[in-house]
Amino acid sequence: MVRILGPFIGLFFALGALWAFANGAIADAPVLAQYGHFTAPTAETVFHKEPEALRLQSDGPFGTWNKEQLQRGFAVYDNVCKACHSLSHVSFRDLEQIGYSEAEVKAIAKTYQVPHYNAATGEVATADGKPTDHFPPVVYAGQGSPPDLSLITKAREGGAAYVHSLLTGYADQAGYKNDKGQELLKMFPDIKTPDGLHFNPYFANLNIAMPPPLTDDAVTYSDGTKATVDQEAQDVAAFLTWTAEPSLVKRHQVGWAVLGFLLFATVLAYMSKRTIWAEKEH
Amino acid sequence: MSFPWANEYKPSHPLMQWLDEKLPLPRFVYNAIGAGYPVPRNLSYWYNFGVLAGVCLVLQIITGVVLAMHYAADSTVAFNSTEHIMRDVNWGWMLRYMHANGASAFFVVIYVHIFRGFLFGSYKAPREMIWLLGVVIFLLMMATAFMGYVLPWGQMSFWGAQVITGLFSAIPIVGDALHTWLLGGFAPGQAALNRFFSLHFLLPFVIVGAVILHIWALHIPGSTNPTGVEVKSESDTVPFHPYYTAKDGFGLGVFLLVYCAIVYFAPNMLGHPDNYIPANPMQTPAEIVPEWYFWPFYAILRSFTFDFFFIPAKLMGVMAMFASILVWFFLPWLDTSPVRSTKYRPLLRKFIWFGLLPCVIVLGYCGGSPAHEPFVMAAQIATAYYFLHFLVILPVVSLIERPEPLPFSITESVLGKDEHAVLGQGN
């Protein structure tokens, strides 16, 4: 039975797939002939830019946290981003890991108003934050939906480099050309950025609701670093790398110990395997 | 059953003798994976992957049980509880990365293990039952992995669940009702998440049961070997312990080195960034991609873009996807060649290495790529080959192929001569 039916079933599925292939090829042929591509080019496929490389001290398997930079990055969040973006997975006491003292964390927490739900009265009352509280939710009423930033460097292709490129990548759409010299509005005259959105080639669909958030000297760094837009973007990208995975550096350190042990154990295992099989041809 | 020359368990310590009389568990282990199990002497490193699969299963159960102590299967807090594990639970990040990458490692190992079966004809008589149980285990693994990926309740979790459970609605007449019944709603939600968690906890133990049957069935004819020639005499075998415990120990070390390098240095390499965004039923991701180990099957599903006669494209895709695995059940009867190992089957060997393997790689690549050309067209050709390979090429090759001469025995293939052959014994 199997041997009789098998080939027919095989031919059935194979012909079904080839039938779809043939139909697809007929449908695609005109597009291919016109553009030399299977899909017609769109503004996104031609003008979207991949993030520029960004080097951070936490990069690579030997990376460490640059606590001064993380504190500067927190200052950017605290002065700029928090107006619209929450940081809900991070608690204030976590900030001790980037070099703030207990007293400093207490002081920072106090500047935030944290809502608490009272089950007895059914009311929500806000109170000064305590070190054990998480960063509070942000009520946002404007256009767009600002994402929570705790995990943003893990939730976007390109991670910290994407954050940095996005924050520094706003451009004037009029006359914008890509690296090949193609001009956006000449190729696609119909896709002018709508009112209330902002042109940014690093954003997936090129038009982002967030206005350019950073300006020179938007924050005053306590360590005296000059607060340029690029510096602020780098610092906040570094800070958000930490918020996304505070255990990153520890993970790498543990990893080296684990690999060292395993390498030793594997060499021993190899030698005992050699010894045991020495007398036995196989 | 075992070979008559198998070592016998002889406990010397009075306590072990006492235990052997009351409950011969040590004897059982001794005969299963100890010195009492004679194994062909010529097993290559291809044969390490069965033990590695067992290690993966244990690793997944241990990490999974601990993760379940900290996870909450509630759609409002599931995402946050996963981040709670990553941030607040002691070594929680390590457990979660071990578990998530452990699933990938399990599939890598199991795919090599299955491919080993294709190469050396492990599915052929008298080992059909081992093979059938293996396919059952693979299906259970797929279900378990799919439901596990839903639990963090990120965007890919939610939308992956939406797409995969949606497949059931392609079934004529009962499809929609079945879909709603399976999910406990019209779309993935609290009911689906909670039952997926329950089943994700249950199925690994069902897999353990199936693995025990798989190994039990293995011990009746004994392991195959790269020559495919059955064991004929004592000189063909070595005791499992210490020979293969040592070889498996080394293999395990190499495996753990690779696995830990990924867990500690690139734990998100195989994941999708979108799954760090909480599930949002109102916002579809740009591309819905399952985990890499489902890509070949996902590509087969998406290959059927046009109705085939009166059969809707979607139903065709769903049938093909399930058929692509179900066809493995029939392998022992589709392959009629008297020769087991492709080492001596020149034609089938070429079709496996230059047909099936590239075909599955193309399917995998296309399944992980966006659903547009040229990926769909490449997947369609590969899908056609996939079905032809198992259902047409394999039976035909079995009939027309002229196998190369087999060695008399394993001993002869290893030593170049076998005294049993000279004496005319062992047949």
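The following exercises, with worked solutions, concern a predicted model containing chains A and B.

**Exercise 1.** Determine whether helix α4 (residues 78-87) of chain B is largely enclosed or not, and identify what its buried residues pack against.

*Solution.* Step 1: apply the burial criterion, namely 20 or more other C-beta atoms within 10 Å of a residue's own. Step 2: list the residues of α4(B) that are buried; these are Ala78(B), Phe79(B), Ser81(B), Thr82(B), Glu83(B), Ile85(B) and Met86(B). Step 3: seven of the ten residues are buried, so α4(B) is largely enclosed by the rest of the structure. Step 4: the packing partners of these buried residues are α3 (49-70), α5 (92-120) and α9 (190-219) of chain B.

**Exercise 2.** Classify the crossing of α3(B) and α10(B) by angle and by hand, and describe the residues in contact.

*Solution.* Step 1: the two axes come within 10 Å and cross at roughly 55 degrees. Step 2: angles under 35 degrees count as roughly parallel and 65 to 115 as roughly perpendicular; α3(B) is therefore oblique to α10(B). Step 3: the crossing is right-handed. Step 4: from α3(B), Val51(B), Leu52(B) and Val55(B) meet Asp248(B), Gly251(B), Leu252(B) and Phe255(B) of α10(B). By class, this contact comprises five nonpolar residues, one polar and one charged.

**Exercise 3.** Characterise the side of chain B that touches chain A by its helices and residue classes.

*Solution.* Step 1: 54 residues of chain B are in contact with 50 residues of chain A. Step 2: helices of chain B that each supply at least two residues to this side include α4, α10 (240-265) and α15 (375-400). Step 3: α10(B) provides the largest share, 14 residues. Step 4: the classes are 39 nonpolar, nine polar and six charged residues.

Technical notes. Residues are numbered from 1 along each chain as its sequence is written. Chains are lettered from A and ligands numbered from 1 in the order in which they are written. This is a predicted model: local features need pLDDT of at least 70, side-chain atom pairs count only at pLDDT 80 or more; totals for chains, interfaces and linings use all residues. A residue is buried if 20 or more other C-beta atoms lie within 10 Å of its own, exposed if 12 or fewer, and partly exposed in between; C-beta atoms are placed from the backbone. Helices (H or I, at least four residues) and strands (E, at least two) are DSSP runs, numbered from the N terminus. Two residues are in contact if their C-beta atoms, placed from the backbone, lie within 7 Å. Ala, Val, Leu, Ile, Met, Phe, Trp, Tyr, Cys and Pro count as nonpolar, Asp, Glu, Lys and Arg as charged, and the others, Gly among them, as polar. Axes are lines fitted to C-alpha atoms, for helices over the stretch in contact, and angles run from 0 to 180 degrees between N-to-C directions. Angles under 35 degrees count as roughly parallel, over 145 as roughly antiparallel, 65 to 115 as roughly perpendicular and the rest as oblique. A crossing is left-handed if the near helix is turned anticlockwise from the far one by less than a right angle, and right-handed if clockwise.
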